[in-house]
Amino acid sequence: MAEKPQPVQVLYCGVCGLPAEYCEFGPDFEKCKPWLIHNAPDVYPDLLKEANAKDADKVSDQLQSTSISAGGGSSTSKPEEVKRLPGGKIKKKDKQEVIIEKVVRNKRKCITTVKGLELFGVKLSDASKKLGKKFATGASVVKGPTEKEQIDVQGDISYDIVEFITDTWSDVPEAAIFFIEDGKKVPAV
């Protein structure tokens, strides 16, 4: 005689209400992770490893911070926040510098690109309007090859742009402005 099949017992997430194996497709997987680690560690074994690695990182960070502050240095300084990208790579903080580059097209016409003004708290749309008015040309905010926004100004305005930037935005020091000439970064000073 054949055995009578038993109904399947489904474990539902206490946070999102989905079955535990479908939480990763739900709206708030990050909120579900602690519940899943505690109640369903066999469903997501990677989460358990990840949680153990984070705990180890926290312990090592605490040990480093206590050894630094116990070393006689100033205990008021905070350790620098490190931003990690997916895959564990560390994201470097952008240097605060403005880079001006002249690109020649059609052997006669030039475009001057200004990169890095946003690092000094300058709103790029306002900056492009001011540059366009000052030099009586077209100026627009575009995405550059590195997916960062930059200002493209029609014409060769490199002769007067450093003075205009330092006069208009006092937060931008002249020492932080560089030109790209023949593929090399040259200070504007």
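Helices here are DSSP runs of H or I with at least four residues, numbered from the N terminus. By that reading, lysine 33 and glutamate 30 both lie in helix H1, three residues apart, about one turn of the helix. That pair is a good way into this structure, which is a predicted model.

**Charged pairs**

Side chains of opposite charge can pair when their charged atoms come close. Searching the whole structure turns up five salt bridges, and the table lists some of them.

| Pair | N to O distance | Relative accessible area |
|---|---|---|
| Lysine 33 and glutamate 30 | 3.1 Å | 15% and 58% |
| Lysine 31 and aspartate 28 | 3.9 Å | 57% and 35% |
| Aspartate 160 and lysine 134 | 4.0 Å | 21% and 44% |

Is lysine 33 buried or exposed? Its relative accessible area is 15%, and buried means under 20%, so lysine 33 counts as buried. Its partner glutamate 30, at 58%, counts as exposed. With lysine 31 and aspartate 28, the lysine is exposed while the aspartate is partly exposed. Both aspartate 160 and lysine 134 count as partly exposed. The bridge between aspartate 160 and lysine 134 has a N to O distance of 4.0 Å. Aspartate 160 sits in the loop between S6 and H4 and lysine 134 in helix H3, so this pair ties together parts that are 26 residues apart in sequence.

**Around helix H1**

Staying with helix H1, which covers residues 29–39, we also meet leucine 36. Leucine 36 is buried, at a relative accessible area of 1%. Which residues does leucine 36 contact, leaving aside neighbours within four places in sequence? They are Ala20, Cys23, Phe29, Pro41, Tyr44 and Leu47. Between leucine 36 and valine 15 there are 9.2 Å in space, C-alpha to C-alpha, and the two are 21 residues apart in sequence.

In the segment before H1 comes tyrosine 12, which is partly exposed at 49% relative accessible area. Tyrosine 12 joins Val8 and Val10 in a nonpolar patch on the surface, and together they have about 320 Å² of accessible area.

**The cores**

In soluble globular proteins, nonpolar side chains tend to be buried together. The largest nonpolar core in this model has 23 residues, and those touching the most other members are Val98, Leu117, Ile161 and Ile165. Elements giving two or more residues to this core are S3, helix H3 (124–135), strand S6 (149–154), helix H4 (161–168) and S7. Another core, of nine residues, lies apart from it, with Cys13, Ala20, Phe29 and Ala40 among them. Back in the largest core, valine 98 has contacts that include Leu117, Phe120, Ile165, Val172 and Phe178.

**Strands**

Strand S3 (residues 98–105) runs parallel to strand S7 (residues 177–181), and four bridges join them. Across this pairing, isoleucine 99 stands opposite phenylalanine 178. S7 is also joined by four bridges to strand S8 (residues 184–187), this time antiparallel, with isoleucine 180 opposite lysine 185. What is the phi of aspartate 182 in the hairpin of S7 and S8? Aspartate 182 takes a positive phi near 55°, in a hairpin that has two residues between the strands.

One more strand residue deserves a look: threonine 113, in strand S4 (residues 109–115). Threonine 113 counts as buried at 6% relative accessibility. Beyond residues up to four places away in sequence, threonine 113 touches Ile99, Ile100 and Glu101, along with Gln150, Ile151 and Asp152.

Definitions and conventions. Residues are numbered from 1 along each chain as its sequence is written. This is a predicted model: local features need pLDDT of at least 70, side-chain atom pairs count only at pLDDT 80 or more; totals for chains, interfaces and linings use all residues. Side-chain values use heavy atoms; hydrogens and water are left out. Buried means under 20% relative accessible area, exposed over 50%, partly exposed in between (1.4 Å probe, protein chains only). Contact means heavy atoms within 4.5 Å. Two strands pair if DSSP finds at least two bridges between them. Patches are made of residues with over 30% relative accessible area and no salt bridge: like charges are joined within 9 Å, nonpolar side chains (Val, Leu, Ile, Met, Phe, Trp, Tyr) within 5 Å. Accessible areas come from the Shrake-Rupley method with a 1.4 Å probe; for residues, only the protein chains shown count as cover. A salt bridge is a side-chain nitrogen of Lys or Arg within 4 Å of a carboxyl oxygen of Asp or Glu. A nonpolar core is a set of buried Ala, Val, Leu, Ile, Met, Phe, Trp, Tyr and Cys residues joined through side-chain atoms within 4.5 Å.
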